[in-house]
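Trainee: I have just opened this one and could use some help finding my way around. Could you walk me through it?

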Amino acid sequence: MNIQTQDTPKVLNVGILGFGTVGQGTWKHLLENGKFWPKILGSQLVPTRASVRSLEKERSVEIPSDCLTTDSASIVNDPEIDLICELIGGVEEAKELTIQAFAQGKSVITANKALICEHGEELFRLAEQAGVGYGFEASVAGGIPIIKVLRESLVANDFPLIYGILNGTSNYILTRMEKEGASFEEVLGDARELGYVEADEALDLDGVDAAHKAVILAYLAHGIWVDLNEVTVEGVRRISNEDLAAAENLGCRIKLIGVIRRNFENNHVSVAVHPALIPVEETIARTDGVHNGICLNGSVVGTVVLTGRGAGQDPTASSVISDLVDVVKGMQGLSSMPKLLHVSPEECSLASPQEIAGRFYLRLSVDDRPGQLAKVAECLAERGISLATVSQTPHENNQPASLILTTHQTNEHSIAQAVDQLEQLPGVMDKPVLFRMFDPKGIF
Ligand code: HSE
């Protein structure tokens with residue numbers, strides 16, 4: 001364990017078991033965001049060692065070779081390592097390493113849904129007995145912070161119904177079959193090439209992965225561990241293009257969903273994973289591709305829907321790191337209320353209007369006379385603003401016409417200047433109406 005001096009933040013060394021997709025993402029983002037950890041925690045989180053199956057394999061994230069080992073236990077037992085991220089997957093070895101880490105007084109963060117589903121009850125008990133943290137945000141729905149939302153944000157609620165898309169790979173397959181009319185086999189081939197499919201394909205295609213996650217959600221919402229054998233588990237293999245088209249005719253889309261119901265009259269809980277036709281108005285029906293989506297019906301809050309990337313390097317690393325930060329806060333007795341982040345102007349400051357890009361909608365009330373549109377267009381062009389669409393509604397009885405314009409990408413400064421100028425333009429009868437055209441996709 002490192003000693004804290006007055007000037008340097010205490011260093012907490014993080015050992016990563018498994019340097020696959022999620023392990024590499026965690027290493028990368030811990031380093032990239034290194035300047036934030038002392039500000040948030042008063043400590044520096046340093047990814048220090050990682051275990052791999054093969055030292056020779058090429059990796060997309062750079063790591064000094066002396067940080068790598070094929071011996072995961074050597075990381076768990078290394079006295080210099082303070083925190084463990086168990087990202088190796090599988091059940092038996094992962095369980096053994098986790099228990100060893102607890103015995104060493106080390107908190108563990110995991111993305112391992114199969115392990116939590118099958119041995120969560122025992123592992124949570126052992127972590128509590130050892131007085132260490134066990135974080136598992138990354139085990140359900142990748143980057144969507146569903147665990148924290150259920151445990152903390154929605155703690156005032158009972159949940160008669162939780163349902164949603166918990167497996168990104170099968171959702172990717174269904175979405176492409178539906179949108180392109182592509183066959184199951186064809187899309188599965190692409191999913192394999194893209195690295196979406198688990199090594200054991202049945203986990204994704206037969207609903208087992210989604211069932212692991214549904215069991216974890218059922219525990220968080222209702223406090224009971226449901227045996228996987230008691231869960232109805234169906235996958236996507238029997239869904240045809242014909243079914244998808246028929247569902248559309250019924251105003252629905254077919255999704256593979258996990259469903260957790262609780263009847264509060266008899267206090268029974270059911271957990272199931274199966275394909276279902278869902279009305280297209282529901283957000284979950286419109287959650288496509290590798291995205292996951294979870295709809296929570298809370299007795300106090302009403303309906304809350306969370307959607308986002310349910311798998312992959314960056315989103316899953318985001319959840320792993322969030323758990324690391326929480327665990328360290330717990331170790332240091334810090335409040336779980338976020339510490340306010342103070343940054344210097346060099347690190348973050350307000351953008352100037354020139355830097356704020358966007359497209360705009362303008363409505364002008366104009367005198368309907370020859371050359372009016374040309375003058376308006378010229379005024380905009382002088383500020384480098386290009387028109388995307390133009391339409392004019394003529395009004396009767398010599399009333400001013402409405403000229404409705406939309407622009408291509410420009411910025412807040414240019415459009416503000418143009419609007420000031422337009423207001424002065426002869427033939428413009430009123431203060432121009434300006435709205436932003438907000439397309440979140442166009443912002444990044
Ligand atoms: N195979 C999983 C999925 C990975 O497709 O959602 C994330 O748990």
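Mentor: We can take the sheets to begin with and then turn to a pocket, keeping in mind that this is a predicted model.

Trainee: Okay, in what order do the strands of the six-stranded sheet come?

Mentor: The order is 3-2-1-4-5-6, in an open sheet of six strands with parallel pairing. Its edge strands, each of which pairs on one side only, are strand 3 (68-69) and strand 6 (134-135).

Trainee: And how many bridges join strand 5 to strand 6?

Mentor: There are two bridges between strand 5, residues 107-110, and strand 6, and the strands run parallel. Within that pair, the residue opposite Val-108 is Tyr-134 of strand 6.

Trainee: Which strands does helix 1 touch?

Mentor: Helix 1, residues 21-32, packs on the sheet and touches strand 1 (10-17), strand 2 (43-51) and strand 4 (83-86). The direction of helix 1 makes about 150° with that of strand 2.

Trainee: Switching to the pocket, how much space lies in the second largest one?

Mentor: The second largest pocket holds about 710 Å³ of space, and 33 residues line it. Nearest its centre lie Val-132, Gly-133, Tyr-134, Gly-135 and Val-327, so Tyr-134, the residue opposite Val-108, turns up here again.

Trainee: Which element gives the largest share of that lining?

Mentor: Helix 12 does, with six residues. The elements that contribute two or more residues include helix 12 (313-331), helix 5 (113-130) and strand 6, and helix 6 (146-153) and helix 10 (208-222) also belong to that group. Both domain 1 (10-142 + 314-331) and domain 2 (146-310) supply at least three residues to the lining of this pocket.

Trainee: What kinds of residues are they, nonpolar, polar or charged?

Mentor: The lining of the second largest pocket divides into 14 nonpolar, nine polar and ten charged residues.

Trainee: Back to strands, then: how does strand 9 run against strand 10, parallel or antiparallel?

Mentor: Strand 9 (residues 252-263) and strand 10 run antiparallel and are joined by twelve bridges, and one of the matched pairs is Ile-260 with Val-271 of strand 10. Four residues lie between the strands of this hairpin, where Asn-267 takes a positive phi near 60°.

Trainee: What about strand 8 and strand 10?

Mentor: Strand 8 (residues 232-233) pairs with strand 10 (residues 268-279) in the parallel sense, over two bridges, and Thr-232 stands opposite Ala-272 there. Strand 10 therefore has a parallel partner in strand 8 and an antiparallel one in strand 9.

Terms used. Residues numbered from 1 in each chain as written. Predicted model: local features only at pLDDT ≥ 70, side-chain atom pairs only at ≥ 80, totals over all residues. Heavy atoms only, no water. Contact = heavy atoms within 4.5 Å. Axes fitted to C-alpha atoms, helices over the stretch in contact; angles between N-to-C directions. 1 Å grid on protein atoms, 1.4 Å probe; cavity = no way out; pocket = protein on both sides within 12 Å on 5 of 7 lines; lining within 4 Å. Points joined across faces, edges and corners; volume = space filled by probe spheres on them. Nonpolar A, V, L, I, M, F, W, Y, C, P; charged D, E, K, R; others polar. Domains from an automatic or database assignment.
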